[in-house]
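Let's take a walk through this one together, a step at a time. Have a look at the sequence and the fold before reading on.

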Amino acid sequence: REYEVNITSHAEFGIGLRLEAQMDGMPAIAGSYKKHPLHGGRLPAERTGMIMLGDELLSVNGVSLEEITFDEIIATVRKVGSDAIPGTPLCMRFRPVMANRLKVGSSAFSEHSSQAQKKTIEQYMGITPKSASRKIGELLDGTIEQENESNTNHDDGIQQEYARV
């Protein structure tokens, strides 16, 4: 059964939700939460306690996100968010997808070995320790916020797209 979540965006760091799609043309799913870059705390999407990772995002403020490309989904979510009056919550409608929830729960993030976890996270994000250091530095000095955060990961022949909103 579909559900709605009202989220008021953080003024500087957005709602803190990473959207993913296995391939362009596939629905956007709630992939992971973004943490506050300065103190590691939870951002608005995670604080609601309502969004289940793996669920499909269907609409934002009544604007349908179905049957459009992943880039269009991200552009739409960002546009609707930027057009909203500051402090006004975004209404996001999700569809539960149990199979995706199981994948998220059994992903590499649940590995017991921290070394296996580190390797998998780096592969998953498509970064090396050197590029991670550069990104952290950019994040701290604010330059990363100007970048388009839509990315494509081609690990093991699987195309996966993601973006932070």
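Before we start, one cut-off will come in handy: a residue is called buried when its relative accessible area is under 20%, exposed when that figure is over 50%, and partly exposed in between. Also keep in mind that what you're looking at is a predicted model.

So how far can we trust the picture? The chain averages a pLDDT of 74, and 61% of the residues score at least 70. Over residues 105-150, though, the pLDDT is below 50, even though this stretch has 43 contacts in the model beyond near neighbours in sequence. Where pLDDT is low, the predicted coordinates should not be read in detail. We'll spend our time elsewhere.

Start with strand β1, residues 3-7. Its side chains take turns: Tyr3, Val5 and Ile7 point to one face and are buried, while Glu4 and Asn6 point to the other face and are not buried. β1 pairs with β6 in the antiparallel sense, over five bridges. In that pairing, glutamate 4 stands opposite arginine 93 of β6.

Now follow Tyr3 inwards. Its side chain makes a polar contact, at 2.7 Å, with the side chain of aspartate 55, a residue in the loop between α1 and β4. Is aspartate 55 buried or exposed? Its relative accessibility is 0%, so it counts as buried. Setting aside neighbours within four places in sequence, aspartate 55 is in contact with Tyr3, Ala28, Ile29, Ala30, Phe94, Arg95, Pro96, Val97 and Arg101.

Arg95, on that list, brings us to the charged pairs. Side chains of opposite charge can pair when their charged atoms come close. The model has eight salt bridges, and two of them are worth following here. In one, glutamate 56 meets arginine 95, with N and O 2.8 Å apart. That pair links distant parts of the chain, as glutamate 56 is in strand β4 (residues 56-60) and arginine 95 is in strand β6 (residues 90-95), 39 residues apart. Glutamate 56 has a relative accessibility of 13%, so it counts as buried, whereas arginine 95, at 27%, is partly exposed.

In the other, arginine 95 meets glutamate 66, this time at 3.2 Å from N to O. Here too the pair links distant parts of the chain: glutamate 66 is in the loop between β5 (63-64) and α2 (70-83), 29 residues from arginine 95. With a relative accessibility of 41%, glutamate 66 counts as partly exposed. Step back a little and you'll find salt bridges with shared partners joining Glu2, Glu4, Glu56, Glu66, Arg93 and Arg95 into one network. So the Glu4 and Arg93 we met on facing strands turn up again as members of that network.

Another salt bridge joins arginine 18 and glutamate 20, whose closest N and O atoms are 3.6 Å apart. Both of these residues are buried.

One last stop: where does histidine 36 sit? Look in the loop between β3 (29-33) and α1 (44-48). Its relative accessible area is 10%, so histidine 36 is buried. Beyond its neighbours within four places in sequence, histidine 36 is in contact with His10, Phe13, Gly41 and Leu43.

Technical notes:
Residues numbered from 1 in each chain as written. Predicted model: local features only at pLDDT ≥ 70, side-chain atom pairs only at ≥ 80, totals over all residues. Heavy atoms only, no water. Helix = DSSP H or I, 4+ residues; strand = E, 2+ residues; numbered from the N terminus. Buried < 20%, exposed > 50% of the residue type's maximum accessible area, 1.4 Å probe, protein only. Contact = heavy atoms within 4.5 Å. Salt bridge = Lys/Arg side-chain N within 4 Å of Asp/Glu carboxyl O. Pairing = 2+ DSSP bridges. Polar contact = N/O pair within 3.5 Å; in protein donor to acceptor, adjacent residues only side chain to side chain. pLDDT = per-residue confidence, 0-100.
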